[in-house]
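This report describes selected features of one chain: its sheet, two packed helices and some backbone exceptions. The sequence and the structure are shown first.

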Amino acid sequence: MFESLSDRLHDVFKQLRGHGRLTEENIQEALREVRMALLEADVNFKVAKEFVATVAEKAIGQEVVGSLAPGQQVVKVVHDQLVELLGGQTATLDLSGRQPVVIMMVGLQGSGKTTTSGKLAKMLQGKGRKPYLVPADVYRPAAIEQLTILGQSLGVGVHPSATDQDPVAICRQAVHAAQSGGYDTLIIDTAGRLHVDQELMAELGRIKDAVQPAEILFVADAMTGQDAVTVAEKFNLDLAISGVILTKMDGDARGGAALSIKKVTQRPIKFVGMGEGLDALEPFHPDRVASRILGMGDVLTLIEKAEAVVDKDKAEKLAKKLKKEGFSLEDFLEQIQQIKKMGSLEQIMGMIPGMSRLKQLKDMPKPDEKELGRVEAIINSMTIKERRNHAILNANRRTRIAKGSGTTVQDVNKVIKSYTDMLKMMKQMSGKPGGLGAFVGGA
Ligand code: GDP
């Protein structure tokens, strides 16, 4: 996602930075390139044109401020405008109204509505709410079953809809069922069609009138680019949507939908789908996405991920133990397991500033998920004594470990070397107050 746009912009700004002083001509030329890059990313024509005009207005004739070089200053203006284009502030759900609140999921067939309903239920459950899933697509029999299975796997209540019922009646009944069942949030998975269809719009309008949703979330497949934007406009016109969820952002969509939909519909992107799994729903942070597009990395998302995964209790215990007993191979293993939980190495690397670019250098080895698995297997093949005292790992023991883990002695040596390197690094850090504790505590 955004990769080729990011590369194009990187080239444009590199050229710009090459000039000591920027003339209006330099900037105009760069902005022509920016406009081309946006259009190639499938950004709406009008949106791209307006974007460049605004940047030009702000970048040309501005005073050179502070320590920023002229080129950097243009990048900053582009960054700020990108944040604006993506929606400015991070948009959240408003679930403060009359309880139980209703969230209505709308969108075309195949956009990811049903999956996203499940993801949203999981996310809200994690925030302490009690969601109730309501299948209201009576035209596609499998739709009800799909949502019911999702609900069961999450341990979330699912309304027992039937295909011979009227969708408006289903939704009305579901509100009553939620009230008596102690649920506080209904998530209605409505029917979709392949194209915008007046009959369907009328039905969605009737559901809206009947249940007064607090949120109407338009779900769109990011891979469909400008089509998603056009359809969003239509849904917004008929239903006044409250926000957008873009799915399949993990794919190689060029990013045009994400960059145009807010400007065109005046409705914010509230979440993005990053995969098929039920965990793969993330809030949409315009500032972080803009930074990522401009190759500034996405350190905040990375830190949040790390914080979500690292078990705080464990980390604190480890910090205490390290102060007393030092860092053993067992601790090393635990760290690796924590890293593995954070997601694929490639995803993590893409969030580190500069790494997204480095990643593409051909001579850079691809991060290897298997490698982590190998390290785990090797440490697992050691005895407890060996794990706690690596000094006893002589040649015989290393051969045995290699056999036991299905690796080679070289692999074993490599693991021990990375461990001892880390040990050295930690020794250097531990002299400083809070150094090591802060590192492992993630605080
Ligand atoms: P619906 O017809 O709108 O209810 O769409 P579904 O929820 O059935 O989703 C259609 C397909 O898209 C399914 O195969 C989903 O697994 C897939 N899907 C949904 N969201 C995402 C996402 O964020 N990323 C990826 N890769 N696939 C997704």
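Does Ala 240, judged by its C-beta neighbours inside 10 Å, count as buried or exposed? The model is a predicted one, and in it Ala 240 has 10 C-beta neighbours inside 10 Å; since a residue with 12 or fewer is classed as exposed, Ala 240 counts as exposed. Ala 240 belongs to the loop between helix 9 and strand 6, and its phi is near 50°, a positive value in a residue other than glycine.

**Backbone exceptions**

Most residues other than glycine have a negative phi, and most peptide bonds are trans. Besides Ala 240, a positive phi of about 70° is found at Asp 42, which is not a glycine either. Asp 42 is located in the loop between helix 2 and helix 3 (45–59). Its surroundings are those of a buried residue, because 22 other C-beta atoms lie within 10 Å of Asp 42 and the cut-off for burial is 20 or more. A cis peptide bond links Gln 99 to Pro 100, with omega near -5°. Pro 100 is placed in the loop between helix 4 (70–85) and strand 1.

**The sheet**

Eight strands form an open sheet with mixed pairing, in the order 3-2-4-1-5-6-7-8. Strand 3 (157–158) and strand 8 (281–283) are the edge strands; each has a single partner strand, so one side of each is left without a neighbour in the sheet. Strands of a sheet pair through backbone hydrogen bonds, either parallel or antiparallel. Three of the pairings are set out below.

| Strand pair | Direction | Bridges | Residues opposite each other |
|---|---|---|---|
| strand 5 (residues 215–221) and strand 6 | parallel | five | Ala 220 and Leu 246 |
| strand 6 and strand 7 | parallel | three | Leu 246 and Val 272 |
| strand 7 (residues 269–273) and strand 8 | antiparallel | three | Gly 273 and Leu 281 |

Leu 246 thus appears in two rows, as the bridge partner of Ala 220 and opposite Val 272 in strand 7.

Strand 6 (residues 243–247) is mostly covered, with five of its five residues buried. In a regular strand the side chains alternate between the two faces of the sheet. In strand 6, Gly 243, Ile 245 and Thr 247 point one way, while Val 244 and Leu 246 point the other way. The route from strand 5 to strand 6 passes through helix 9 (residues 226–239), and this β-α-β crossover is right-handed. A right-handed β-α-β unit is also made by strand 6, helix 10 (residues 256–265) and strand 7.

**Helix packing**

Which helices pack with their axes 9 Å apart? These are helix 1 (residues 3–17) and helix 2 (residues 24–40), which meet at an angle of about 175°. Angles over 145 degrees count as roughly antiparallel, and helix 1 and helix 2 are therefore roughly antiparallel to each other. Helix 1 contributes Leu 5, Arg 8, Leu 9, Val 12, Gln 15 and Leu 16 to the contact, and helix 2 contributes Asn 26, Ala 30, Glu 33, Val 34, Ala 37 and Glu 40. By class, this contact of helix 1 with helix 2 comprises seven nonpolar, two polar and three charged residues.

Definitions and conventions: Residues numbered from 1 in each chain as written. Predicted model: local features only at pLDDT ≥ 70, side-chain atom pairs only at ≥ 80, totals over all residues. Axes fitted to C-alpha atoms, helices over the stretch in contact; angles between N-to-C directions. Helix = DSSP H or I, 4+ residues; strand = E, 2+ residues; numbered from the N terminus. Parallel < 35°, antiparallel > 145°, perpendicular 65-115°, else oblique. Contact = placed C-beta atoms within 7 Å. Nonpolar A, V, L, I, M, F, W, Y, C, P; charged D, E, K, R; others polar. Pairing = 2+ DSSP bridges. Right-handed = clockwise from strand over helix to strand, strands pointing away.
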